[in-house]
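I opened this notebook to keep track of what I looked up in one structure. The entries follow the order in which I checked things.

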Amino acid sequence: QGLLRFPLNRNGNPHLTTFREGQLSKMRPRYLEEDKTVRVPITNYGNLEYYAQIEIGTPPQTFTVKINTLTPNLWVPSVKCANVSCKIHNRYNHSASSTYVANGRLVNVYSFLFSRVMYGFISEDDVKIGGVKTTRKGFAEIYEEINTQFSEVKFDGILGMALNHLIFRNTSSLVNRLLHDGSISKDMFSLYLDRSGTSRNGGELILGGSNPKHYSGELNKVPVVGTA
């Protein structure tokens, strides 16, 4: 009965926000509680974008990913992407990972942020977040990104948290993978934003449940009518 909790960090003026080399790599789980909850700092950029750090492969390759509720998919740039916008980001090299499993199925990835289609292929490898690892997680390696806007963003890829109706075929979302592995007890996540918080404690992304410390009363469930 695991519950993963991820603190979100709240920064102030986005124009004053800077990302120093190695800043995210210094963020580590603060403690491990008896109920297996794990809290991992996440960077908040101007109260608009939230970044987490994940590791892919063996040895681990580190990526900064934007938390996105518009897609359930995970994607990162591939070392095979020769576009200038890719080269300035961390790129995944499956040849350097001993746990990589080839798939190779081509996928078109629509970017809601850039309103463009990117081109990639499916790969499988170990993915680790907050000290918890899931094996053979399917994700997209982006090999062509033609939008120059990608060179201006602070993140390398996308960590999708949406419903599974848009998931890449024959893959599972990160939440479902953690549920399957027994790392979390429920197929759900919740988000708490502390508007009065500091840059070190701006809220939590909680995988597998919710934190009753952040609300009073009972949570009401509303049926989902359908998916778009």
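**Entry 1: a hairpin.** I began with the hairpin of strand 2 and strand 3, which has three residues between the strands. Gly46 in this hairpin takes a positive phi near 65 degrees. I then looked at how the two strands run, and found strand 2 (residues 42-45) and strand 3 antiparallel, joined by three bridges. For one facing pair I noted Thr43, which stands opposite Tyr51 in strand 3.

**Entry 2: what kind of model this is.** I noted that this is a predicted model. The mean pLDDT of the protein chain is 79, and 75% of its residues reach 70 or more. Which elements have the lowest and the highest mean pLDDT? I found strand 1 (residues 4-10) at the low end with 59, and strand 5 (residues 74-77) at the high end with 96. Over residues 12-34, pLDDT stays under 50. The model has 35 contacts beyond four places in sequence for that stretch. I leave those contacts alone, because predicted coordinates should not be read in detail where pLDDT is low.

**Entry 3: the whole chain.** I counted up the elements next: the protein chain has two helices and 11 strands. Read from the N terminus, their order is β-β-β-β-β-α-β-β-β-β-α-β-β. The chain has 228 residues, and 47% of them count as buried. I also looked at contacts between residues at least 6 apart in sequence, and 65% of these join residues at least 24 apart. The accessible surface comes to about 12200 Å², with 50% of it belonging to carbon and sulfur atoms.

**Entry 4: backbone oddities.** My background for this entry is that most residues other than glycine have a negative phi, and most peptide bonds are trans. I wrote down three exceptions.

- Thr58 and Pro59 are joined by a cis peptide bond, with omega about 0 degrees. Pro59 sits in the loop between strand 3 (49-56) and strand 4 (61-68).
- Asn170 has a positive phi, near 65 degrees. I located Asn170 in the loop between strand 9 (157-160) and helix 2 (174-181). Is Asn170 buried or exposed? Its relative accessible area is 68%, so Asn170 is exposed.
- Arg136 also has a positive phi, near 50 degrees. Arg136 belongs to strand 8 (residues 132-144).

**Entry 5: salt bridges.** Side chains of opposite charge can pair when their charged atoms come close. How many salt bridges are there? The count comes to two.

Arg136 turned up again here, since its side chain meets that of Glu124 in a salt bridge (2.8 Å, N to O). Glu124 lies in strand 7 and Arg136 in strand 8, so the pair ties together parts that are 12 residues apart in sequence. I compared the burial of the two partners: Glu124 is buried at 13% relative accessible area, whereas Arg136 is partly exposed at 48%.

The other salt bridge I noted is between the side chains of Lys133 and Asp126 (3.9 Å, N to O). Lys133 is partly exposed at 48% relative accessibility, while Asp126 is buried at 8%.

**Entry 6: two residues and what they touch.** I picked Asn68, which is in strand 4. Asn68 counts as buried, because its relative accessibility is 12% and the cut-off for buried is under 20%. Leaving out residues up to four places away in sequence, Asn68 touches Ile158, Leu159, Gly160, Met161 and Ala162.

Next I took Arg105, which is in strand 6. Counted in the same way, the residues that Arg105 touches include Gly120, Phe121 and Ile122, and also Phe168, Arg169, Asn170 and Thr171. Asn170, from Entry 4, is thus one of the residues that Arg105 touches. The C-alpha atoms of Arg105 and Gly120 are separated by 8.5 Å, with their positions 15 residues apart along the chain counted as the distance apart.

**Entry 7: a nonpolar patch.** My last look was at the surface. Leu70, Tyr110, Phe112 and Val117 make a nonpolar surface patch of about 370 Å². Phe112 is in the loop between strand 6 (101-111) and strand 7 (116-129). At a relative accessible area of 45%, Phe112 is partly exposed.

Terms used:
Residues are numbered from 1 along each chain as its sequence is written. This is a predicted model: local features need pLDDT of at least 70, side-chain atom pairs count only at pLDDT 80 or more; totals for chains, interfaces and linings use all residues. Side-chain values use heavy atoms; hydrogens and water are left out. Helices (H or I, at least four residues) and strands (E, at least two) are DSSP runs, numbered from the N terminus. Buried means under 20% relative accessible area, exposed over 50%, partly exposed in between (1.4 Å probe, protein chains only). Contact means heavy atoms within 4.5 Å. Accessible areas come from the Shrake-Rupley method with a 1.4 Å probe; for residues, only the protein chains shown count as cover. Patches are made of residues with over 30% relative accessible area and no salt bridge: like charges are joined within 9 Å, nonpolar side chains (Val, Leu, Ile, Met, Phe, Trp, Tyr) within 5 Å. A salt bridge is a side-chain nitrogen of Lys or Arg within 4 Å of a carboxyl oxygen of Asp or Glu. pLDDT is the predictor's confidence in each residue, from 0 to 100. Two strands pair if DSSP finds at least two bridges between them.
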